[in-house]
Amino acid sequence: MLHLDNNYIEELQNPLWKKKREQILRRDKYKCVNCGAQDHLQIHHTQYHYYKIAGYKKSPWDYHSKYLITLCQKCHEEGHRLYKIPMKYI
């Protein structure tokens, strides 16, 4: 299971994230881009952006859509288990 800190969980309740999430789901036709499942969909960041000077990660909704994909819960968890998400320092 994915480990999410409390701050990130709160960010996922933000209306800005909910709007961005809906945009990505719509773009991906409400299907997992990996297996085609239509249940338990989540949005995956293909890379994280970290502001070095300021010392914090970019807010989830501030990412360009090209860095976000729709995955089902199973594929999302498996991807995090198999691959490290790259961090881009900006």
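This passage describes the nonpolar core, the strand pairing and the cysteine geometry of a predicted model.

The largest nonpolar core comprises 15 residues, of which Cys32, Ile43 and Leu68 touch the most other members. Helix H2 (15-27), strand S1 (41-45) and strand S4 (68-72) each contribute at least two residues to this core. In soluble globular proteins, nonpolar side chains tend to be buried together. When neighbours within four places in sequence are set aside, Ile43 is in contact with Trp17, Arg21, Ile24 and Leu25, and likewise with Leu68, Ile69, Thr70 and His76.

Strand S1 is largely enclosed by the rest of the structure, because four of its five residues are buried. S1 and S4 run antiparallel and are joined by five bridges, with Leu41 standing opposite Cys72 of S4.

On the helical side, Leu25 is located in H2 and counts as buried, its relative accessibility being 5%. Although Leu25 and Leu41 are separated by 16 residues in sequence, their C-alpha atoms lie 8.2 Å apart in space, and the two residues touch. Beyond the residues up to four places away in sequence, Leu25 also touches Tyr30, Ile43 and Thr70.

The loop between H2 and S1 contains Asp28, which, at 14% relative accessibility, also falls under the 20% limit for a buried residue. The side chain of Asp28 is joined to that of Thr70 by a polar contact of 2.8 Å. Apart from residues up to four places away in sequence, Asp28 touches Val33 and Ile69 in addition to Thr70. Thr70 is thus listed among the contacts of Ile43, of Leu25 and of Asp28.

With regard to the cysteines, a search of the whole structure finds zero disulfides. For Cys35, the closest cysteine sulfur is that of Cys72, at 3.8 Å, and this pair is not a disulfide because the separation is too great for a bond, the cut-off being 2.5 Å. For Cys72, the closest cysteine sulfur belongs to Cys75, and the separation of 3.6 Å is likewise too far for a bond. As for exposure, Cys35 is partly exposed, with a relative accessible area of 49%, whereas Cys72 is buried, with a relative accessibility of 6%.

Technical notes. Residues numbered from 1 in each chain as written. Predicted model: local features only at pLDDT ≥ 70, side-chain atom pairs only at ≥ 80, totals over all residues. Heavy atoms only, no water. Core = buried A, V, L, I, M, F, W, Y, C linked by side-chain atoms within 4.5 Å. Buried < 20%, exposed > 50% of the residue type's maximum accessible area, 1.4 Å probe, protein only. Contact = heavy atoms within 4.5 Å. Pairing = 2+ DSSP bridges. Polar contact = N/O pair within 3.5 Å; in protein donor to acceptor, adjacent residues only side chain to side chain.
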